[in-house]
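Let's take a walk through this protein together. Keep the picture open and find each residue as it comes up.

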Amino acid sequence: MDPHTSASTVHDQSRPTHRLPVEILACILNFLFPEPGDSHAGRSKSEMAEVYRLRMVSKLWKDLIEDMPTLWTHVSAAYPTAVVRDCLRWSKNHFLRIRIFHVSISSAEALFERLQLLQPHSHRWITLCYSTKGGPAVEEAQTKSFLESPAPMLQSIYVNLGAFSPGVEVNLAGGRAEGVKHLTLHEGLLPWSSNLLRGLETLSMIVEETVPLEEILDIFVKSPALRYFELSCEGAEGQNNPTALATRSFDTVAASLKEVIIHITHPHIITRILSEISMPSCESVEVSANFTALDGDLQTLDQAIAQFMPRIRETLSLGGRTTLLVSSESEFEWSSPLEHKGFQFSFGISDVALGRLIEWIRNLSAPLEAPLELEISLTTPHRQTLETLGEWVEVTKLRIPWMADPSPYEIDDMVSIPNFLGDVRVDSIDGLSWNFPNLRELDVYSAEYHPLEIFGMLNKRYLPDSYVWAMEGLGISIRTPPQIDLRVKGSIEGGNATIMMALENHWGVTSLNQRGWD
């Protein structure tokens, strides 16, 4: 895209486009190139190239386009320098939306040149998206100087300082952007006294090393209109002694908060935030923590989510089946149904025994009249994990969303899902039963098991009535599982047509590959 090497402007009075009223043409251009808003994507190079091509239609179009500031208010450092200059000139005195991603720039020299062009216009910035990830290496001092440019009109900031040295503090916008409503700060530090932390509506932070708990809690006081809060940090410890966390009690109400996301290694930090900040209007909570330090004790999580418990139980009562994602032997995520319109929750839990986890879920669901139902999403068919899950009567759906790399495990530690479902459990009192005794839906499409394996499993899991009657006549009880809705890889129109038809018509199958599955 080089505006100075484009074809010559064509003047053809006979073209219908030349006779369009200026007002209508302006409306069409605004429709084709709307303001990018606060989106990080902004206006792409190809879209800007199209603007320059339209300038070539006629002198009327050229003059109109150059006189429409809204077409030039989005400025990306990925644009050629000449285009950046045109944007700054033809946007006149309108506010600017700045997007600078190092990964999209060819050289440090080109980046520095564009930073120098944009910096004097910081008083016009209304949104700023800046990421140091990837791309050419630039001196931290140059980037820091740019980011600290006084920008009093900024309303939205997204900054990722992943390429910076740990612990570098940046006083974004010179601390003067008191009208900022949306702030995303990843892998960087901001002075906690900054005015940017006042009056926010959305805040997303990835904090390195220590989590400054008192300052985090103070944000809810400074920003009473906060609607979205996200805090992430791996390996973080709080500044306070964990044993003293429960001794403080703040009466801060985040009345406007709708969604909260906290991913921090130490569960005490989550408990401190969620137990001291009341969130009466919250519609979605997502937290994750590592419980190694607590020897798998989930009592801390109970304390953290206590204020949400009535809404969680309402979701369990009205929303139906919840999902437990099992990523490994010790990494789990229990979440509400996505289709549920009410309160949403997601709890990421690591280093807790599966047995303790299901007991915790059962205790939480105990007051409900409706029985608990679980969908298990399993990414690794690990033998010990499956043997534990296979006993749970709450599991009514088993799904393989994707197959994780099995290399961390020994071959003997892995099992085939069809073989596991076909295995018979023998008990002197209960007689014969099968793993996942209440399973009603099975989705192994992504696992790509051969249809013959699935057919063999069905024949083992669902015995003919005559055989069941004969065994019961001998006093042997058989607990036949319910029929299942089945989703497998295959088609009735290919080489597996015969076996797929056999699957579809098997007495243990209620439906095969029906639409509407996740």
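There are zero disulfides in this structure, and do keep in mind that the model is predicted. A disulfide is a covalent bond between the sulfur atoms of two cysteines. Take two cysteines as examples of where such residues can sit: C27 is exposed, with a relative accessible area of 55%, whereas C282 is buried at 3%.

**Salt bridges**

How many salt bridges does the structure hold? The count is 21. Side chains of opposite charge can pair when their charged atoms come close. Here are three of the pairs, with the distance from N to O.

| Pair | N to O distance |
|---|---|
| E283 and K258 | 4.0 Å |
| R272 and E276 | 2.4 Å |
| R399 and D443 | 3.8 Å |

Start with E283 and K258, whose side chains meet in a salt bridge. E283 sits in the loop between β10 (277-278) and β11, and K258 in the loop between β8 (252-253) and β9 (259-264), so this pair ties together parts that are 25 residues apart in sequence. Both ends get some contact with the outside: E283 is partly exposed at 46% relative accessible area, and K258 is partly exposed at 35%.

Now look at R272 and E276. Both are in helix α8 (residues 267-276), four residues apart, which is about one turn of the helix. Are these two buried or exposed? R272 is buried, with 1% relative accessibility, and E276 is buried too, at 2%.

The third pair, R399 and D443, joins two strands. R399 belongs to β16 (residues 395-399) and D443 to β19 (residues 441-443), so the salt bridge ties together parts that are 44 residues apart in sequence. R399 and D443 are both buried. Elsewhere, R55, K62 and E66 are joined into one network by salt bridges that share partners.

**A nonpolar patch**

Which residues form a nonpolar patch on the surface? They are I24, I28, F31 and L32, and together they have about 410 Å² of accessible area. You can find I24 in helix α1 (residues 22-32). I24 is partly exposed, with a relative accessible area of 43%, and that is over the 30% a patch residue needs.

**The largest pocket**

Next, hunt for the largest pocket, which holds about 540 Å³ of space. Its lining is made of 22 residues, and T323, S335, S336, P337 and L338 lie nearest its centre. Several strands take part: β11 (284-290), β12 (322-326), β13 (331-335), β14 (344-350) and β15 (374-378) each give at least two residues to the lining.

**Some backbone details**

Two residues have a positive phi without being glycine. For A173, phi is near 60 degrees, and for E187 the angle is about 55 degrees. A173 is in the loop between β4 (156-160) and β5 (182-186), while E187 is in the loop between β5 and β6 (202-206). Their surroundings can be compared by accessibility: A173 is buried at 3%, but E187 is partly exposed at 24%.

Last stop: L432, in strand β18 (residues 431-434). With a relative accessibility of 15%, L432 counts as buried. Where along the chain is I478 relative to L432? The two are 46 residues apart along the chain, yet their C-alpha atoms are separated by 4.8 Å.

Notes
Residues are numbered from 1 along each chain as its sequence is written. This is a predicted model: local features need pLDDT of at least 70, side-chain atom pairs count only at pLDDT 80 or more; totals for chains, interfaces and linings use all residues. Side-chain values use heavy atoms; hydrogens and water are left out. Patches are made of residues with over 30% relative accessible area and no salt bridge: like charges are joined within 9 Å, nonpolar side chains (Val, Leu, Ile, Met, Phe, Trp, Tyr) within 5 Å. Accessible areas come from the Shrake-Rupley method with a 1.4 Å probe; for residues, only the protein chains shown count as cover. Buried means under 20% relative accessible area, exposed over 50%, partly exposed in between (1.4 Å probe, protein chains only). A disulfide is a pair of cysteine sulfur atoms within 2.5 Å. On a 1 Å grid over the protein atoms alone, a cavity is a set of points where a 1.4 Å probe fits but cannot get out, and a pocket is an open set with protein on both sides within 12 Å along at least five of seven lines; lining residues have an atom within 4 Å of a point. Grid points are joined across faces, edges and corners, and a volume is the space filled by probe spheres set on the points.
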